[in-house]
Amino acid sequence: MSHYISNTDEERAAMLDAIGIGDVKELFDVVPAAVRFPQLDLPPALSEAEIMRQLGRLGRLNSDTQSTLSFLGAGAYNHFVPAAVDALLRRAEYYTAYTPYQPEIAQGTLQAIFEYQSLLCALTGMDAANASHYDGATALAEAAIMAFTSVRNKRTVLVAPTVHPHYRATLRTYTQGLGLTITGDEDTGAALDDLLAQIDGNTAAVIVQTPDFLGQLHDLKPIADKIHAAGGLLIASVDLVALGLFQNPGTAGADIVTGEGQGMGISLSYGGPYLGIFASKHQYLRRMPGRLVGATTDMNGDVGYVLTLQTREQHIRREKATSNICTNQGLMALAATIHMSLLGKAGLRKVAEICYHRAHYAAAEIAKIPGFEVVAPGPFFKEFVVSSIHPIEGLNTALAGMGIQGGYDLSADYPHLGNAMLVCVTEMNTKEDIDQFVQALRTIWEGRSDL
Amino acid sequence: MNTFEPPIFELSGPGKCGVNLPTVDVPLAELPQELLRTDDLAGFPELSETEVTRHFTRISQRNFCIDTGMYPLGSCTMKYNPKVHEAAARLPGFAALHPLTDPAHAQGALWIMEQLQSMLAEISGFDAVSLQPAAGAQGEFTGILVFRAYHHAQGDPERVEVLCPDSAHGTNPATAAMVGMRVVEVKTDHNGNVDLDDLQSKLGPRTAGLMLTNPNTLGLFDEHVQQVAELVHGAGGLMYGDGANFNAILGIVRPGDVGFDFMHYNLHKTFTTPHGGGGPGCGAVGCKTFLEDYLPGPRVCHVIDSDKFELFTPPHSIGRLKAFHGNFGMIIRAWVYIRTLGAAGLREVSENAVLNANYLRVKLQDLYPVAYDRTCMHEVVLKGQLRDAPAAKTLDIAKRLIDYGFHPPTVYFPISVPEAIMIEPTETESKRNMDAFIVAMRQIVAEAVEDITILKQAPTTAPLRRLDEVGAARKPILKYDPVKFQELRRSHAAATSDEQPERPTY
């Protein structure tokens with residue numbers, strides 16, 4: 001028996017005896033005999049020492065952000081995670097608990113979610129935040145569905161081409177059976193003004209991202225005014241890290257705020273688990289998907305927390321629910337809560353400032369290298385576009401040879417930019433790292449015949 | 001020990017910060033003044049690392065969890081979460097790996113993903129697997145989108161009805177609705193199976209497919225599952241398998257061998273990635289060859305005649321379900337689980353899970369009526385209808401179990417069973433603990449007969465008593481607000497001043 005099974009052969013025999021059978025196989029008589037007990041062709045079982053050794057070997061085949069200097073972002077970010085976050089996350093009380101359906105013995109999870117909701121509301125200027133979605137992409141897709149069901153008789157959603165390409169793809173996956181039209185991003189080079197010009201009486205919502213996929217910051221106020229005048233909603237996809245310094249989307253007029261929370265205390269982990277954030281103004285609360293925690297009192301009058309407004313959810317409303325979401329990203333929401341609590345006001349602002357100043361330093365230095373051009377028509381946060389006369393693929397291969405993970409190759413998603421890479425700089429990239437990156441680009445330029 | 005802890009916002013003090021951050025080591029760039037925040041992050045707390053650590057440690061102690069005791073929550077598979085999984089997922093080669101890393105430099109991660117795809121396919125009898133869906137409900141969503149795409153490709157877009165048994169998880173009908181399908185409910189027969197006559201009457205040219213959990217949510221293996229599949233296929237529909245209860249049949253029977261065309265796996269149930277207080281999970285999906293081209297991408301393939309792995313998107317893919325490749329942190333844990341148990345270990349999992357559930361069934365069914373009187377699989381559904389204590393409700397029994405140190409089972413589900421109590425001990429629970437649970441369940445019946453108020457007042461030993469959920473929904477407080485919290489405390493003082501005059505407001 002495996003080391004997770006707690007019963008002896010004797011105990012198992014006693015249980016079989018109580019059931020009144022002689023062999024555990026008899027419990028499965030109901031299974032059609034012809035297909036019962038298949039011989040599974042799986043690799044032989046490994047001991048814990050063997051599996052960790054194999055994992056170590058496999059891990060070393062990967063170029064992770066600790067073994068290289070990474071300037072890759074594009075929706076997943078190498079931000080600093082204090083040791084305290086993981087130390088608390090590894091408390092079994094949190095990670096081996098289920099959804100808090102029995103509030104008397106789940107106050108830890110419930111209070112943490114309540115604090116998460118509160119922190120998100122403070123950061124985004126929204127009235128209510130749910131307990132999380134799978135990631136920034138699905139949060140955005142569900143926001144579009146919520147907007148569509150909240151405003152009546154409008155069936156078009158306009159999405160800016162500078163919204164993350166994976167998010168736009170997910171949005172289309174989610175809405176394919178609902179009779180919605182998703183448009184606005186056909187021309188990858190279209191400006192936001194072009195998008196706003198398409199707003200009409202049939203527009204349920206406009207979706208913009210700020211900072212956008214290319215790193216540019218946008219003022220949401222004029223966008224909100226325009227879509228509100230047409231009776232639709234503004235959905236803003238945001239980076240929580242940027243909100244430590246930049247415009248409060250709620251104050252600027254956004255109706256629904258979604259985003260990826262990975263940058264707040266969650267490791268890169270090859271793409272997941274991440275954290276979909278979802279918050280809205282109070283008038284859309286009853287159409288909101290996902291779990292919500294509310295404060296209340298117990299029989300003694302002590303303050304406590306419970307899952308609330310559950311009549312929106314699938315386990316109560318079934319096909320009339322606002323979404324099918326059940327399992328969410330609870331532990332990741334906890335990570336973000338702890339991380340945001342550690343940072344506090346000053347830390348949030350400081351992280352954003354470091355990212356901003358270092359990214360601008362990197363951009364200024366790269367712009368000095370012949371053969372490279374920084375394409376940043378407006379203010380940017382921690383990412384910017386660098387165009388090159390050479391294809392990015394070759395450039396990144398050359399950088400990899402120098403121990404550097406270059407930026408995201410934009411040529412497939414944004415062909416109008418030509419040879420362009422999206423460079424990301426965070427508080428993890430020191431001035432020294434940036435100088436090394438710049439020097440590497442210069443070296444590559446000087447030996448360009450090799451590309 | 002009193003672990004009461006105020007909201008973190010009440011612990012704040014101006015100027016504190018709990019992180020030791022680097023300083024700006026580059027020349028300062030000009031900030032775009034018109035785009036800056038002007039509210040000084042009002043409402044954001046300021047604490048030291050010490051205070052944050054203590055706060056989240058203290059509130060964690062108000063949680064019940066698998067590592068503190070038996071958690072027999074039916075349909076959730078709350079089995080032990082191995083510690084080696086946590087160590088594996090945190091190795092820097094995986095935890096610090098960026099998802100957009102050139103696949104040539106992520107071969108270790110892709111190797112694991114490809115092998116997990118193959119192993120899940122083998123365990124379930126399918127031909128192709130996608131690891132992208134983030135949770136069971138998203139796996140369901142994937143499946144019904146695939147069914148829709150398949151029927152459209154067959155020139156059959158009129159197939160817009162999804163059949164769900166009346167015992168189905170709520171996610172099944174909610175999923176069908178999200179795909180724009182119409183939900184048709186199918187009845188359960190007297191033995192807990194899909195009612196074949198009712199099924200037959202509801203199948204037709206509009207049938208897209210049937211969503212079936214097998215073993216079903218009554219904890220029973222459908223005795224006619226192959227007939228059900230034949231009927232659905234005969235009507236031109238497809239068979240969706242909800243893998244929520246896969247823990248009962250590892251190495252026992254493969255869903256792909258009894259007529260299912262598509263299924264999702266809950267890696268966070270069957271393959272024991274931790275539930276995390278509500279997530280994350282992974283709802284990987286598997287299917288037969290004829291549906292493979294519709295799967296979401298990216299998937300991982302082994303490049304023929306090489307030792308390389310690549311990402312690819314199937315030609316008629318329904319699209320992306322999320323950004324990047326899936327919840328890799330869950331993928332690696334499930335991979336470790338299967339690689340350390342092997343085929344024999346997986347079969348032991350299901351044999352022990354089913355043995356444990358049946359042991360509880362025979363030890364409790366004289367006092368708690370079983371919903372269906374036959375051998376169950378990994379969970380047993382009882383009814384909280386006590387012969388000698390009709391005033392006792394399932395909710396009371398559940399709350400009283402807390403006082404005995406157990407997490408309550410799933411209650412009031414399936415909704416087709418009145419006063420349902422759904423118990424899933426899982427294979428990792430010991431007979432010793434189950435015997436203690438049995439004693440508690442039997443003692444609760446005795447208490448209910450003797451003095452029902454013991455049950456109605458329960459729990460009394462938990463960090464809190466029963467909470468006012470009605471009030472919470474009527475006047476929702478969904479974020480911290482000092483005024484509303486003062487009001488909550490005042491209402492407390494008013495409610496308790498008679499009985500407990502000395503009780504502090506905290």
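## B:Asn266 and the interface of chains A and B

B:Asn266 is buried, because its relative accessible area is 3% and the cut-off for buried is under 20%. The model is predicted.

**The residue.** B:Asn266 sits in a loop of chain B, between strand 6 (262–265) and strand 7 (285–287). Its side chain has these polar partners:

| Partner of the B:Asn266 side chain | Distance |
|---|---|
| B:Ala244, backbone nitrogen | 3.3 Å |
| B:His264, side chain | 3.0 Å |

What else is in contact with B:Asn266, leaving aside neighbours within four places in sequence? The list is B:Gly136, B:Gly243, B:Ala244, B:Phe271 and B:Cys282. B:Ala244 thus appears in the contact list as well as in the table.

**The interface.** Chain B brings 205 residues to the contact, and chain A brings 182 residues. About 17000 Å² is buried between the two chains. Carbon and sulfur atoms give 65% of that area. Which three residues supply more than any other three of the area that chain B buries against chain A? They are B:Arg37, B:Phe44 and B:Leu478, with 5%.

**Polar links.** Five salt bridges are counted between chain B and chain A. A:Arg358 forms a salt bridge with B:Asp25, and their closest N and O atoms are 3.0 Å apart. Polar contacts across the interface join 80 residue pairs, both residues being at pLDDT 80 or more.

**Chain B's side.** Helix 9 (residues 328–364) of chain B gives the most to the side touching chain A, with 27 residues. By class, that side of chain B holds 113 nonpolar, 52 polar and 40 charged residues.

Note on methods. Residues numbered from 1 in each chain as written. Chains lettered and ligands numbered in written order. Predicted model: local features only at pLDDT ≥ 70, side-chain atom pairs only at ≥ 80, totals over all residues. Heavy atoms only, no water. Helix = DSSP H or I, 4+ residues; strand = E, 2+ residues; numbered from the N terminus. Buried < 20%, exposed > 50% of the residue type's maximum accessible area, 1.4 Å probe, protein only. Polar contact = N/O pair within 3.5 Å; in protein donor to acceptor, adjacent residues only side chain to side chain. Contact = heavy atoms within 4.5 Å. Buried area = accessible area lost by both parts, 1.4 Å probe. Salt bridge = Lys/Arg side-chain N within 4 Å of Asp/Glu carboxyl O. Nonpolar A, V, L, I, M, F, W, Y, C, P; charged D, E, K, R; others polar.
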